[in-house]
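Dear colleague,

I am passing on the structure below, together with some notes on what was found in it. Please read the notes with the coordinates open.

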Amino acid sequence: MSGVMKRMGMIFRAKANKALDRAEDPRETLDYSYQKQLELLQKVRRGVADVATSRKRLELQLNQLQGQSSKLEDQGRKALALGREDLAREALSRRAALQQQVSDLETQHQTLQGEEEKLTLAAQRLQAKVDAFRTKKETIKATYTAAQAQTRIGEAFSGISEEMGDVGMAIQRAEDKTQQMQARAGAIDELLASGALDDPTGTAKDDITAELDRLSGGSDVELELQRMKAELAGGSGPKQAIEGGTGGQAEQARPQEQPRFDKQ
């Protein structure tokens, strides 16, 4: 069972990978990667802004502490001038405590300033990479779109595309049905002409009628041919040639029939 489950899992992963490859569009993947890079760049810029804000807050605190230190120093001098050494000592003690705070804040300020410079440099480098990726992304997308269009055109010309394949199959089916209908119509006409099938409308002719029509059509052709020969031989109009020909035949027929009648 363990081997069967492993095999089923491998088949499932292979099918899923193939489906993902079919569904994946490189242009969409590039756009998604570019969007993620923009989000990262935005986070870096936000970090630079936060560090700069903290640095500015420390600078304000330093200015306040330095102002208090200067004030305590002035108070100590005034106390000494008035003969109040105890007040002068207290003012100097407070000033010393403030100076320690100022020193700590200055250290933090230098650290934040260094971090700000690093983040600013990182943001500039990331911005340059994002810009380069955007240019490359658009180039790849344009190349892919052109290659895709060229492939579709080639498939359309070669007839191997799905759309053209469906069209070709539809045309083939239409041609097959047309040939089948033509063959069926021809077979029915032959059966009706041979009399194997009866025509309920009475418009179809049987074989005898068809043969008589053919013979009568041939007789009409022979008569027309004789008339044209008579016109060419007599040089007269069509009516005179016909009357002359028929009259001469009648006159020749009567003398031949009369002697036969007398002998009888």
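Helices and strands here are DSSP runs, with H or I over at least four residues for a helix and E over at least two for a strand, numbered from the N terminus. On that basis the protein chain has six helices and zero strands, and its elements run α-α-α-α-α-α from the N terminus on.

As to provenance, this is a predicted model, in which local features need pLDDT of at least 70 and side-chain atom pairs count only at pLDDT 80 or more, while totals for chains, interfaces and linings use all residues. Residues are numbered from 1 along each chain as its sequence is written, and side-chain values use heavy atoms, with hydrogens and water left out.

Helix α2, residues 26-81, has 56 residues and reaches 82 Å from its first C-alpha to its last, close to the 82 Å expected, where the expected span is 1.5 Å times one less than the number of residues. Just after α2, Gly-83 takes a positive phi of about 80°.

His-109 lies in helix α3, residues 85-158, and it counts as buried because its relative accessibility is 13% (buried means under 20% relative accessible area, exposed over 50%, partly exposed in between, with a 1.4 Å probe and protein chains only). Leaving aside neighbours within four places in sequence, His-109 is in contact (heavy atoms within 4.5 Å) with Arg-55, Leu-58, Glu-59 and Leu-62.

For the protein chain as a whole, 11% of the 264 residues count as buried, and among contacts between residues at least 6 apart in sequence, 70% join residues at least 24 apart.

With best regards
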